[in-house]
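Please open the model in your viewer and keep the selection tool at hand. The tour below names each selection in turn and states what is to be found there.

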Amino acid sequence: MSSSEPFDPVIGDAEQLEPGLRRIVAPNPSAMTYSGTNTYLLGDTDIAVIDPGPLDADHLGAILAAITPGQRITHIVVTHAHLDHAALARPLQAECGAPVLAFGPAISGRSAVMQRLAEDGLSGGGEGVADDFNPDETLEDGALLSGNGWRLRVLHTPGHIGNHICLAWGDACFTADHVMGWASSLVSPPDGDLTDFMMSCRRLQKQAWRRFYPGHGDMIEDPAGRLDWLISHRQLREAAILEALRSGPLDAHELAVLIYHDTPSGLIAAATRNVFAHLVDLVGKKRIAPQAPLRPTTRFHLL
């Protein structure tokens with residue numbers, strides 16, 4: 001699940017990754033965020049801040065300190081409405097005046113099945129959602145953003161959450177939490193949808209990428225290989241779930257304990273959400289059926 005490559009950034013430093021691109025890692029390391037959230041500064045004069053990060057005064061100061069004479073922040077782009085990516089957008093805007101851009105509020109892009117789950121009372125789990133997040137400008141799939149010397153193309157990639165976008169920068173891509181090198185992405189209903197997640201992976205596979213810049217962890221130098229691994233990883237999880245259900249009906253937690261046997265107990269709740277995402281996907285594929293309304297506590301059986 002995790003990359004063996006070490007990633008030990010200097011928190012708060014604006015590290016040059018290639019001409020026109022710097023990265024500042026926020027001071028919010030955790031089991032869900034790895035070393036911290038990556039904030040990217042794109043451009044030499046007109047600066048796009050991609051994922052301002054968590055609500056943290058030191059991180060805000062680090063971003064502002066990285067803006068040198070002759071530079072100005074012209075865009076604040078939020079890839080998705082999780083708190084560790086979006087919460088600093090408005091405080092940063094108060095300092096620089098740039099508009100906040102995103103696909104939409106947290107619930108935008110949510111699939112119909114996940115909307116029904118949310119209406120039935122299922123709440124998200126794992127990463128905190130910025131429920132009050134609302135951009136100044138919404139970015140449709142295929143929209144183009146540009147500044148002096150750079151251009152980004154918006155790719156709507158729901159799955160991790162419905163309003164998730166990736167940003168194509170020539171043959172590189174800012175993949176946020178959809179594709180990371182250190183771990184597979186959490187897919188936690190009703191915010192996350194595994195059916196959408198796999199479709200988004202296959203969409204990214206259609207282009208030959210040079211490099212991925214993820215929301216957490218180091219850059220990914222083999223994008224095609226990482227996408228292959230991510231899809232294969234999910235397919236193996238699906239196969240393991242179907243195999244476990246051969247012995248009889250089980251719920252998401254029971255399956256997580258069986259399948260994620262090498263996972264620390266503190267992460268079993270997140271694993272359960274991932275398993276539930278697979279179960280909803282398998283119901284949609286008519287491979288399994290729930291014995292009660294869709295819930296993580298519902299038991300499922302093979303068809």
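Select arginine 110 and aspartate 191: their side chains make a polar contact of 3.0 Å. A polar contact is a pair of N or O atoms within 3.5 Å; within protein, one must be able to donate a hydrogen and the other to accept it, and residues adjacent in sequence count only if both atoms are side-chain atoms. The model is predicted, so local features need pLDDT of at least 70 and side-chain atom pairs count only at pLDDT 80 or more, whereas totals for chains, interfaces and linings use all residues. Residues are numbered from 1 along each chain as its sequence is written, and side-chain values use heavy atoms, with hydrogens and water left out.

Remain at arginine 110 and add proline 190, whose backbone oxygen lies 3.4 Å from a polar atom of the arginine 110 side chain. Arginine 110 belongs to the loop between S6 and helix H4 (112–119). Helices (H or I, at least four residues) and strands (E, at least two) are DSSP runs, numbered from the N terminus. Beyond its neighbours within four places in sequence, arginine 110 is in contact with Gln115, Ala118, Gly162, Pro190 and Asp191; contact means heavy atoms within 4.5 Å.

**The whole chain**

Now display the entire chain, which has eight helices and 14 strands. Its C-alpha atoms fill a box of roughly 65 × 40 × 35 Å along the principal axes. Buried residues make up 58% of the 303 residues, where buried means under 20% relative accessible area, exposed over 50%, and partly exposed in between (1.4 Å probe, protein chains only). Among contacts between residues at least 6 apart in sequence, 65% join residues at least 24 apart.

**The open sheet**

Next, select strands S1 to S7. In what order do the seven strands of the open sheet stand? The order is S1-S2-S3-S4-S5-S6-S7, with mixed pairing. Strand S1 (15–18) and strand S7 (137–138) stand at the edges with a single partner strand each, so one side of each is left without a neighbour in the sheet. Two strands pair if DSSP finds at least two bridges between them.

Select strand S5 (residues 72–77) and strand S6 (residues 100–102): these run parallel and are joined by two bridges. Isoleucine 76 has valine 100, in S6, as its bridge partner. Helix H1 (residues 57–65) packs on the sheet and touches strand S2 (21–25), strand S3 (38–42), strand S4 (46–50) and S5, and its direction makes about 160° with that of S2. Helix H3 (residues 89–96) also packs on the sheet, touching S4, S5 and S6, with its direction at about 160° to that of S5. For these angles, axes are lines fitted to C-alpha atoms, for helices over the stretch in contact, and angles run from 0 to 180 degrees between N-to-C directions.

At the S1 edge, S1 and S2 pair in the antiparallel sense over three bridges. Glutamate 15 stands opposite arginine 23 in S2. The hairpin of S1 and S2 has two residues between the strands, and glycine 20 takes a positive phi near 85° there.

**Helix H1**

Return to H1 and colour His59, Leu60, Ala62 and Ile63, which are buried. Seen down the axis of H1, the buried residues fall within an arc of 160°, so they line one face of the helix; the arc is that of the directions from the helix axis to the C-beta atoms. S2, S3, S4, S5 and H3 are included in what covers these buried residues. The face turned away from the buried side of H1 carries the exposed residues Ala57, Asp58 and Ala65. At the N-terminal end of H1, aspartate 56 acts as a cap: a side-chain oxygen lies 3.0 Å from the backbone nitrogen of aspartate 58.

**Three loop residues**

Select histidine 164, in the loop between strand S9 (150–156) and strand S10 (165–169). Is histidine 164 buried or exposed? Histidine 164 is buried, with a relative accessible area of 0%. A polar atom of its side chain lies 3.4 Å from the backbone nitrogen of histidine 178.

Glycine 70, in the loop between H1 and S5, is exposed, with a relative accessible area of 65%.

Finish at lysine 206, in the loop between helix H5 (194–204) and strand S12 (211–214). Lysine 206 counts as exposed at 74% relative accessibility. From lysine 206 to alanine 57 the distance is 40 Å, C-alpha to C-alpha, with their positions 149 residues apart in sequence.
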